[in-house]
Amino acid sequence: MREKIVLASASPRRRELLQNAGFLVEIRPSHIPEVRLPGETPVVYVLRLARQKAQAAAWNPGEVIVGADTVVEVEGRVLEKPATEAEAKDMLRSLQGRWHAVHTGVAVRTAAGVLVDSATTRVCFLPMNDNEIDEYAASGEPMDKAGGYAIQGLASRYVDRVEGCYFNVVGLPVSLVARMIGSLNTHEV
């Protein structure tokens with residue numbers, strides 16, 4: 001029997017990743033303000049948001065709630081989702097020709113409690129010229145993606161190397177989620 005989880009996110013990528021891994025997924029988004037606190041590191045930030053999302057989602061006994069949040073960090077700068085095409089271009093310029101980190105915080109909530117963890121994946125982008133940046137930004141693909149790109153989409157042509165969980169960059173470290181759910185399930189009374 002496939003395990004059912006409630007995803008506290010409207011992300012179609014997270015839903016698809018979980019479904020592809022064999023989970024039955026119900027969408028129940030949490031609407032938590034995504035505002036980084038002064039002095040908050042990127043990892044602490046995504047852990048806090050993941051926990052808040054999982055705790056804010058309506059919960060019924062027996063349910064497994066998964067909350068997650070992802071940011072990109074390049075040279076100390078945190079990149080979330082671009083609000084405009086110009087912001088997407090700026091993000092792409094900062095990523096091209098160098099390594100960056102993709103941090104995802106994950107919170108799993110069950111009757112046993114809330115477990116929070118994170119995954120970090122390093123990605124190296126090839127250099128992009130201004131025309132390539134303009135064309136990619138104009139495609140619309142960057143607009144709802146942390147860091148302004150989709151590794152599984154048009155941006156794949158610029159990804160030179162990945163160190164860590166590829167699915168984390170797509171939107172959710174699925175193996176981490178599965179381990180967390182398994183850990184909480186073994187502790188339920």
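Buried means under 20% relative accessible area, exposed means over 50%, and partly exposed lies in between (1.4 Å probe, protein chains only).

The model is predicted: local features need pLDDT of at least 70, side-chain atom pairs count only at pLDDT 80 or more, and totals for chains, interfaces and linings use all residues. Residues are numbered from 1 along each chain as its sequence is written, and side-chain values use heavy atoms, with hydrogens and water left out.

**Exercise 1. The overall fold**

State how many helices and strands the protein chain has, and find out why it counts as compact.

Step 1. Helices (H or I, at least four residues) and strands (E, at least two) are DSSP runs, numbered from the N terminus. The protein chain has six helices and seven strands.

Step 2. From the N terminus on, their order is β-α-β-α-β-β-α-β-β-α-β-α-α. The radius of gyration, taken over C-alpha atoms, is compared with the globule rule, 2.2 Å times the number of residues to the power 0.38. The protein chain has a radius of gyration of 17 Å, close to the 16 Å that the rule gives for 189 residues, so it is as compact as a globular protein of that length.

Step 3. Buried residues make up 47% of the 189 residues.

**Exercise 2. Helix H2**

Check the length of helix H2 and name the strands that its buried residues pack against.

Step 1. The expected span of a helix is 1.5 Å times one less than its number of residues. For the 15 residues of H2 (residues 42-56) this should give 21 Å, and the end C-alpha atoms are 21 Å apart, which agrees.

Step 2. The buried residues of H2 include Tyr45, Leu49 and Lys53. An α-helix has 3.6 residues a turn, so residues three or four places apart point the same way.

Step 3. Contact means heavy atoms within 4.5 Å. The buried residues of H2 pack against strands E3 (65-74), E4 (77-79) and E5 (99-110).

**Exercise 3. Two salt bridges**

Which parts of the chain does the salt bridge between Arg28 and Glu63 link, and is each residue buried or exposed?

Step 1. A salt bridge is a side-chain nitrogen of Lys or Arg within 4 Å of a carboxyl oxygen of Asp or Glu. The structure holds 14 of them. In one of these, the side chains of Arg28 and Glu63 meet at 2.9 Å, N to O.

Step 2. Arg28 is in the loop between strand E2 (24-27) and H2, and Glu63 is in the loop between H2 and E3, 35 residues apart.

Step 3. Arg28 is buried because its relative accessible area is 16%. Glu63 is buried as well, at 14%.

Now treat the pair Glu75 and Arg98 likewise.

Step 1. The closest N and O atoms of Glu75 and Arg98 are 3.1 Å apart. Glu75 lies in the loop between E3 and E4 and Arg98 in the loop between helix H3 (85-95) and E5, so the pair ties together parts that are 23 residues apart in sequence.

Step 2. Glu75 is exposed, with a relative accessible area of 69%, and Arg98 is partly exposed at 30%.

Step 3. Phi of Glu75 is near 50 degrees, a positive value in a residue other than glycine.

**Exercise 4. Leu115**

Locate Leu115 and list the residues it touches.

Step 1. Leu115 is found in strand E6 (residues 113-125). Its relative accessible area is 28%, so Leu115 is partly exposed.

Step 2. Not counting residues up to four places away in sequence, Leu115 touches Val106, Ala107, Val108, Met180, Ser183 and Leu184.
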